[in-house]
Amino acid sequence: MTRRVSTRNASVQVWQAYLNNRTKRHRDGRFLVQGVRPITQAVANDWPLETLLYRLGTPELSNWARELLDTSDVPQVGLVPELMAELGEKASGIPELVAVAVSRQQELDTFEPGEPGEDAPVVVVFDRPNSPGNLGTLIRSADAFGASGVIVTGHGADQYDPQAVRASTGSLFAMPVLRAAGAAQVLEFRDRQVRRGIPTRIVGTDENGHRAAYDHDFTEATILVIGNETSGMSAAWQQACDDLVHIPMGGTASSLGAPSAAAVALYEISRQRRTFAK
């Protein structure tokens, strides 16, 4: 089904609200997806899409956009460029295609990564992230290094914020992203994994960590905790962790940003497992 819209009607106003209104996204269970790779990954991973919005007029749509529209059975709405511009991120100009996607929220209570006796899954916890872009970048790194999921704790940034969706470059659609109130829920998750026969340790990254990340044995199942970008790891998380590691640094920087710290730690986990697998 295809229709064309040239005026700012009620539907356009709702879609526009999804850009900046977290409450509206949460209440409606909808969010916007922009960019070639994020939209392509959403389709490839069978993420539920409600509507495909496309730009009317000139210039003509790219071959990628036209092929996606021609092969998709998702309802389509053509918008004049002025309306598409209002739905786009200003820095990227007028988008040619925007997907309205349905939110998915897997419950931590039912999350069971790995198989007993076979896998040692890695799950990344990001505590109270301030920035949607940082959250999206961390999700991308977790996906790149083979993590089984990301848990966002506290009232941190929304993974369905357009900045987070774009920064994840589609990884949001390829791996579970879960929410938890705090350390207590993650401890319960760890205990369930242990009862399933998957021994799991909680390891936090902190500048006061007892040993360097490369000196810690990451070959067992791991819950990797990354603290808040501004305040670092909370006292509650420091108590919840079985181990604290630091990332040795040179130069004048006092610390790495949270997504960078996560990427370094995830690389070290991946490196150790490849090394010991040989």
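**Pairing, burial and a pocket between domains**

Author: Five bridges join strand β6 (residues 122-127) to strand β7 (residues 149-153), and the two run parallel. The model is a predicted one.

Reader: What makes β6 and β7 count as paired?

Author: Pairing takes at least two bridges between the strands. β6 and β7 have five. They therefore qualify as a pair. Two positions show the register. Val123 stands opposite Gly149 in β7. Asp127 stands opposite Thr153 in β7.

Reader: Which strand does β6 join through Val123 and Ile223?

Author: The partner strand is β11, where Ile223 is the bridge partner of Val123. Five bridges link β6 to β11 (residues 221-226), again in parallel. Set against the cut-off of at least two bridges, β6 and β11 therefore pair.

Reader: In what order do the seven strands of the open sheet run?

Author: The order is β8-β7-β6-β11-β9-β12-β10, with parallel pairing.

Reader: What makes β8 and β10 edge strands?

Author: β8 (177-180) and β10 (211-212) each pair on one side only.

Reader: How does the chain get from β6 to β7, and which hand does the β-α-β unit have?

Author: Helix α6 (residues 132-144) sits between them in the unit, and the unit is right-handed. The name means that, with the strands pointing away from the viewer, the path from the first strand over the helix to the second runs clockwise.

Reader: Why is Val125 called buried?

Author: Its relative accessibility is 0%. Buried means under 20%. Val125 therefore counts as buried. Val125 belongs to β6. Its C-alpha lies 7.1 Å from that of Thr153, although the two are 28 residues apart in sequence.

Reader: How do you know which faces of β6 are covered?

Author: Take the faces in turn. Val122, Val124 and Phe126 are buried on one side, and Val123, Val125 and Asp127 are buried on the other. Both faces of β6 are thus covered. The count agrees: six of its six residues are buried. The split into two sets follows a rule: side chains in a regular strand alternate between the two faces of the sheet.

Reader: What covers the same test for β4: which residues are buried on each side?

Author: In β4 (residues 76-79), Gln76 and Gly78 are buried on one side. Val77 and Leu79 are buried on the other. β4 is joined to strand β3 (residues 49-55) by four bridges, and they run parallel. Arg55 stands opposite Leu79 in β4. From β3 the chain passes through helix α4 (residues 63-71) to β4, in a right-handed β-α-β crossover.

Reader: Trp64 is in α4. Is Trp64 buried or partly exposed, and why?

Author: Partly exposed. The relative accessibility of Trp64 is 23%. Buried needs under 20% and exposed over 50%. The value falls in between, so Trp64 counts as partly exposed. Trp64 and Thr40 are 24 residues apart in sequence, and their C-alpha atoms are 9.3 Å apart.

Reader: What makes the peptide bond between Thr58 and Pro59 worth listing?

Author: The bond is cis, with omega at about -5°. Most peptide bonds are trans. Pro59 is placed in the loop between β3 and α4.

Reader: What is listed about phi for Arg128?

Author: Phi of Arg128 is positive, about 50°, though Arg128 is not a glycine. Most residues other than glycine have a negative phi. Arg128 lies in the loop between β6 and α6. At 29% relative accessibility, Arg128 counts as partly exposed. Thr169 also has a positive phi, near 45°. Thr169 is in the loop between α7 (162-167) and β8.

Reader: How do you know where the second largest pocket lies relative to domain 1 and domain 2?

Author: Look at the lining. Domain 1 (3-102) and domain 2 (108-273) both contribute residues, so the pocket lies between them. Among the lining residues are Arg22, His26, Asp158 and Arg179. Helix α2 (residues 22-28) gives the most, four residues.

Reader: How much space is in the second largest pocket, and how do its lining residues divide?

Author: About 280 Å³ of space lies in the second largest pocket. Its lining has one nonpolar, six polar and five charged residues.

Terms used:
Residues numbered from 1 in each chain as written. Predicted model: local features only at pLDDT ≥ 70, side-chain atom pairs only at ≥ 80, totals over all residues. Heavy atoms only, no water. 1 Å grid on protein atoms, 1.4 Å probe; cavity = no way out; pocket = protein on both sides within 12 Å on 5 of 7 lines; lining within 4 Å. Points joined across faces, edges and corners; volume = space filled by probe spheres on them. Nonpolar A, V, L, I, M, F, W, Y, C, P; charged D, E, K, R; others polar. Domains from an automatic or database assignment. Buried < 20%, exposed > 50% of the residue type's maximum accessible area, 1.4 Å probe, protein only.
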